[in-house]
Amino acid sequence: MARIDFRPLWTIEVQHAFFGGACDAIEFLVPPSTQRALAGAHAIARQRDGRLHVLYEADESAQPLSPLAGRSFLFGLRPREPSFDLITVPLGLSPGDAALWRNAPDADALTGPAAVRMSGEQLRIEPRSSQRPLTLRLFDATDTQRAQNMLNIGDEAWTPLGLFTRGIWRIEEDDGNAPPQSWRLQVEPELAGAWGLLELTVDAGHIAAGHAFTLSFAARTDTLRYYVVASRFGEAEFNQVQVLDNGFAAESRPAIQFNRVLPAAFGAGHLAPGLLDPTGGARIALFEAQASVARRARGPSGLELHRNGDVLVGHLPQPGADRADAQFVVHLSQS
């Protein structure tokens, strides 16, 4: 009986600074078209522990059963949690765009994210430009023009007739005044709603020893703001209240310094004093970090609220994956 031997081609790992390294924040989607393409290449894709593994079937001399060099495979990407956007530096994409990573022009490294729009086989092309009239041209993967249409005032989109084959298309927008602008359209019905795409092309070096790719995400940063609302505090004792970072040395990080801001100096990005204290009888001070702080699954520890050497609050809250901002209100009261 012939022995089936699968050898590693690629391993794709997700790293996110919020989690401190490798994580399973992104799910890899293998659409039916990619499954068929992999099967035709005697290869398989498996997801385990947050990583995507692509393996190929090899003969007794460790050579692939099917030619692999130059073949491309498309995978979808989907955050596992809706909070992904809250912990991640924005990718800089426009509404309606998906993120695309590719191992091109460097076969051994991922580049991106680039902007791509997704579609099923029936196209509806909504241009990026608001100029009218606007000429739209549709080019296939060989960069051959397949269709053209003009949008006039009041036209929002173009729906070319017929069904369009899977793969890469290029849309060119021409308002007649500036050089035409182009963007990529990916026709892939099973991935039409995907958050992102990963397109990998096999290099001969990958076959010989396998290759590891890393999809990296930076953590969103916030300005920590602690609003202290104190009832029945005298002015002198309230002026002794302060936020201190007593955890920086143990965590080998720079100390977080805070400015004390009074309500009279609150700006548009601050919470309104009337919202913090509707009765108007409390004393209010904002302790605002002097520099933004990156979000972490386990945020900086040792942020404490003190008064005259006494710890009033030992662990001030941190923005995690469930908050849209880093503004916190701390209520103090004396009997």
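**Exercise 1.** Is Asp143, by its relative accessibility, buried, partly exposed or exposed?

*Solution.* The structure is a predicted model, in which local features need pLDDT of at least 70 and side-chain atom pairs count only at pLDDT 80 or more, while totals for chains, interfaces and linings use all residues. Residues are numbered from 1 along each chain as its sequence is written, and side-chain values use heavy atoms, with hydrogens and water left out.

Step 1. The classes are buried (under 20% relative accessible area), exposed (over 50%) and partly exposed in between, with a 1.4 Å probe and protein chains only.
Step 2. Asp143 has 45% relative accessibility and therefore counts as partly exposed.
Step 3. The residue sits in the loop between β9 and β10 (145-151); strands (E, at least two residues) and helices (H or I, at least four) are DSSP runs numbered from the N terminus.

**Exercise 2.** Identify the unusual backbone angles in the loops and in β8.

*Solution.*
Step 1. Most residues other than glycine have a negative phi, and most peptide bonds are trans.
Step 2. Asp143 has a positive phi near 65°. His42, also not a glycine, has a positive phi of about 55° and lies in the loop between α1 (32-40) and β4 (43-48). With 33% relative accessibility, His42 counts as partly exposed.
Step 3. Gly112 and Pro113 are joined by a cis peptide bond with omega of about 10°, and Pro113 belongs to strand β8 (residues 111-119). Another cis bond, with omega of about 0°, links Arg132 to Pro133; Pro133 is in the loop between β8 and β9 (134-139).

**Exercise 3.** Determine which residues of α1 are buried and how they are arranged around the helix.

*Solution.*
Step 1. The buried residues of α1 are Ser33, Thr34 and Leu38.
Step 2. Viewed down the helix axis, these fall within an arc of 135°, so they line one face of α1. The arc is that of the directions from the helix axis to the C-beta atoms.
Step 3. Arg36 and Ala39 are exposed, on the face turned away from the buried side of α1.

**Exercise 4.** Describe the open sheet that contains β16.

*Solution.*
Step 1. Two strands pair if DSSP finds at least two bridges between them. The 4 strands follow the order β18-β19-β16-β23, with mixed pairing.
Step 2. β18 (258-261) and β23 (327-333) are at the edges with a single partner strand each, so each has one side without a neighbour in the sheet.
Step 3. On average, neighbouring strands are turned by 20° against each other, direction ignored.
Step 4. β16 (residues 225-231) and β23 run parallel and are joined by 7 bridges; Ser231 is opposite Ser333 in β23.

**Exercise 5.** Characterise the largest pocket.

*Solution.*
Step 1. On a 1 Å grid over the protein atoms alone, a pocket is an open set of points with protein on both sides within 12 Å along at least five of seven lines, and lining residues have an atom within 4 Å of a point.
Step 2. The volume of the largest pocket is about 310 Å³. Among its 19 lining residues, Asp85, Leu91, Leu93, Asp97 and Trp195 are the closest to the centre.
Step 3. The elements giving two or more residues to this lining are α2 (84-87) and β7 (98-102).

Definitions and conventions
1 Å grid on protein atoms, 1.4 Å probe; cavity = no way out; pocket = protein on both sides within 12 Å on 5 of 7 lines; lining within 4 Å. Points joined across faces, edges and corners; volume = space filled by probe spheres on them. Axes fitted to C-alpha atoms, helices over the stretch in contact; angles between N-to-C directions.
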